[in-house]
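Trainee: I should like to work through the strand pairing in this model and then turn to one of its charged residues. May we begin with the structure in view?

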Amino acid sequence: MNSHPTSTDMSAHKRILGKSDLAINGAAPAYKQPLHVGRPNIGPEDVFFARARDIMSSRWLTNNGSMVRELESRLAEYLGVKHCVAMCNGTIALEIAIRATGMTGEVIVPSYTFVATAHALHWQGITPVFADIDPDTHNLDPSSVRNAITSRTSGIIGVHLWGRPAPVDDLQAIADEHNLSLIFDAAHAFGCSYKGTMIGSFGQAEVLSFHATKFYNTFEGGAIVTNSDGLAETARLMRNFGFAGYDNVIHPGTNGKMVEICAAMGLTNLEVVDSVVRKNRDNHQAYAEGFASIPGLRILPFDGSERNNYQYVVLEIARESHLSRDDIIKCLHAENILARKYFWPGCHLMEPYRTLNPTAGQALRNTEDVASRVIVLPTGTMISIEDINTIVSIIRTIAEP
């Protein structure tokens, strides 16, 4: 028996006609089961189980098996890159990419990102130096990156936040000028493009996350993608303890291997990834249309001339709005709609970074401003247009005078 909530179980069971219908005012919540920002998107179960049976029959469960090799080949083809090196998760992939590119000392990153971007540096004894963002794009501001460069700077990690490309050309120019390594955290950006080229080809390498909450998942997993033969070879050594053959260790390494069952999930989900994108796009459009008539609120748009995965529905609250981000979050959570304050409060205000550099926020005004005004709303294949209409009606109701 399936004990997990179905889409029917998760449907809203009330209409919002006025403030008295809101849970914060004593009414029953709109949802019996929590409505999360992202429930896993899953391809055909029979196809996955057939692959799982093949794995069990082969008795090859990990260590660069056929499923992993096939997934790497198909992902590289999908992204138009020479190499895909699959990993057990995106954080390990980022740590290996950092080591493989020789980063040391200080590395410039945005504070407005998931904390794993900073932790992957700190964990290896490298100091993350936080640069500010462009308030319109939510991505790194190149002028702030330039101002953050010191004699100890060895690299830059750009983040394609929300799947919207970072300023790739500007960051590459800065890296070239100062002889810095440049990689991209592309955890949000699988299936997206920049100037017509799929994300995956930029910098020395890009790092993907296939965590269960990502629109494309392998249960858990990640990858380094690159056009550098040497970097790919180094990453493959590092993910398997530096082994080059049965008894020949030629490089420092760790255990970053993806297991076969995760690759089976990845292959299955890759076959339906375009349909998931279409669903995300429809959801994003429905949200955008719903909020278009509510003053002070807008859904962050995507560039229609590029490929997008529409994985995140980002609601911005204008500075002049009488509603605060926390007002909306409180109201939605009361309805069992678990919208999130991404990426609050910014890495520089999390430990250990706020203790290590308590004045970092002085150079991160845009980061702190945007982080205080952004909400990420539920989307994905488990979300219906009816759900979106319910969420919009709840927020429209609390926005009324």
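Trainee: How many bridges join strand S6 to strand S9?

Mentor: In this predicted model, strand S6 covers residues 181-185 and strand S9 covers residues 205-209. Within this pair, Ile183 of S6 stands opposite Ala205 in S9. The two strands run parallel, and the number of bridges joining them is 3.

Trainee: Which strands form the edges of the sheet that contains this pair?

Mentor: The sheet is open, has 7 strands with mixed pairing, and follows the order S2-S10-S9-S6-S5-S3-S4. An edge strand here pairs on one side only. The edges are therefore the strands at residues 83-87 and 127-131, namely S2 and S4.

Trainee: At about what angle does helix H6 run to S6?

Mentor: Helix H6, residues 168-178, packs on the sheet. It touches strand S5 (153-159) as well as S6. Its direction makes an angle with that of S6 of about 155°.

Trainee: Which strands does helix H2 lie across?

Mentor: Helix H2 spans residues 66-79 and runs at about 135° to S2. Besides S2, the helix lies across two other strands, one of them at residues 222-226. The full set is S2, S9 and S10.

Trainee: How far from Lys214 is the nearest side chain of opposite charge?

Mentor: Lys214 lies in the loop between S9 and S10 and is buried. Its contacts beyond four places in sequence include Asn41, His188 and Tyr312. A salt bridge requires a separation within 4 Å. Lys214 has none, and the nearest side chain of opposite charge, Glu220, is away by 7.8 Å.

How values were computed. Residues numbered from 1 in each chain as written. Predicted model: local features only at pLDDT ≥ 70, side-chain atom pairs only at ≥ 80, totals over all residues. Heavy atoms only, no water. Helix = DSSP H or I, 4+ residues; strand = E, 2+ residues; numbered from the N terminus. Contact = heavy atoms within 4.5 Å. Axes fitted to C-alpha atoms, helices over the stretch in contact; angles between N-to-C directions. Buried < 20%, exposed > 50% of the residue type's maximum accessible area, 1.4 Å probe, protein only. Lys, Arg positive; Asp, Glu negative; His and termini not counted.
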